[in-house]
Amino acid sequence: MPAKAKISKKEKEEFRKLLLEKKNSIVKKLSQYYSDSKEIETDTALDLVDKAETSYTKEFLLGLTDSEREQLALIDQALDRLQSEFGLCLICHKEISKKRLKIIPWAPYCIECQEKKEGESKVQ
Ligand SMILES: [Zn+2]
């Protein structure tokens, strides 16, 4: 087995499952947040998230922390990439290691680029 084996269809399906599970757990949290004031079923919440895929309405996502909001966007982007070039770093276009993808399937960058990015934006 070559170290740089392409991601197989079966593996993509597994990643898709992981991504959807994570998305669901965030969306569920969101619908819980709203259940106090409005009745939003998880299905409805999911539907809203799907409709607002590119530009999330601020109000809807108020119940999420910044990192959850960011994660949700990353998950959606990763789901899109499953159609084309999932697993490639968006910066250097090298393959992201499967080990990394199994832990963070929505990771948009390889470890090196991620670390570089984090080094640049240590403003917090
Ligand atoms: Zn990279």
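Leu-72 sits in helix α3, and this residue is a handy place to start exploring the model, which is a predicted one. The protein chain around Leu-72 has 124 residues, of which 14% count as buried. Its secondary structure comes to five helices and zero strands. Let's take a tour, beginning with Leu-72 and moving outward.

**Leu-72 and its surroundings**

- Is Leu-72 buried or exposed? Leu-72 is buried, because 21 other C-beta atoms lie within 10 Å, and the cut-off for a buried residue is 20 or more.
- Leaving aside residues up to four places away in sequence, Leu-72 touches Lys-23 and Ile-26.
- Another residue to look for is Asn-24, which is 48 residues from Leu-72 along the chain. In space, the C-alpha atoms of Leu-72 and Asn-24 are separated by 9.6 Å.

**Helix α3, one side and the other**

- Helix α3 has 16 residues. From its first C-alpha to its last, α3 reaches 22 Å, close to the 22 Å expected at 1.5 Å a residue.
- Which residues of α3 are buried? They are Leu-72, Ile-75 and Ala-78.
- These buried residues are on the same side of α3, because they cover an arc of only 125° around the axis.
- Now turn to the other side of α3: there, Asp-66, Glu-70 and Asp-80 are exposed.

**The largest nonpolar core**

- How many residues make up the largest nonpolar core? There are nine in all: Phe-15, Leu-19, Leu-72, Ile-75, Ala-78, Ile-96, Leu-101, Trp-106 and Cys-110.
- Two elements give two or more residues to this core, namely α1 (9–35) and α3 (66–81).
- The largest share comes from α3, with three residues.

**Leu-101, another member of the core**

- Leu-101 is part of the same core as Leu-72, and its place is in helix α4.
- Leu-101 counts as buried because 20 other C-beta atoms lie within 10 Å, and 20 or more is what a buried residue needs.
- Which residues does Leu-101 touch, not counting residues up to four places away in sequence? The answer is Phe-15, Gly-87, Ile-96 and Ala-107. Of these contacts, Phe-15 and Ile-96 also appear in the list of core residues.
- The C-alpha atoms of Leu-101 and Phe-86 are separated by 9.8 Å, and the two residues are 15 apart along the chain.

**His-93, out in a loop**

- Where does His-93 lie? Look in the loop between α3 and α4 (98–103).
- His-93 counts as exposed, because it has 10 C-beta neighbours inside 10 Å, while the cut-off for exposed is 12 or fewer.
- The backbone has something to notice here too: phi of His-93 is near 65°, a positive value in a residue other than glycine.
- Tyr-109 is 16 residues from His-93 along the chain, and the C-alpha atoms of the two are separated by 8.6 Å.

**The chain as a whole**

- Reading along the sequence gives the pattern α-α-α-α-α.
- Among contacts in the protein chain with a separation of 6 or more, 49% are between residues 24 or more positions apart.

**How confident is the prediction?**

- The mean pLDDT of the protein chain is 81, and 69% of its residues reach 70 or more.
- Which helix has the lowest mean pLDDT among the elements of the chain? That is α2 (residues 42–51), with a mean of 65.
- At the other end, α4 has the highest mean pLDDT, at 94. This is also the helix in which Leu-101 lies.

Technical notes. Residues are numbered from 1 along each chain as its sequence is written. This is a predicted model: local features need pLDDT of at least 70, side-chain atom pairs count only at pLDDT 80 or more; totals for chains, interfaces and linings use all residues. A nonpolar core is a set of buried Ala, Val, Leu, Ile, Met, Phe, Trp, Tyr and Cys residues joined through C-beta atoms within 7 Å. Helices (H or I, at least four residues) and strands (E, at least two) are DSSP runs, numbered from the N terminus. Two residues are in contact if their C-beta atoms, placed from the backbone, lie within 7 Å. The expected span of a helix is 1.5 Å times one less than its number of residues. The arc is that of the directions from the helix axis to the C-beta atoms. pLDDT is the predictor's confidence in each residue, from 0 to 100.
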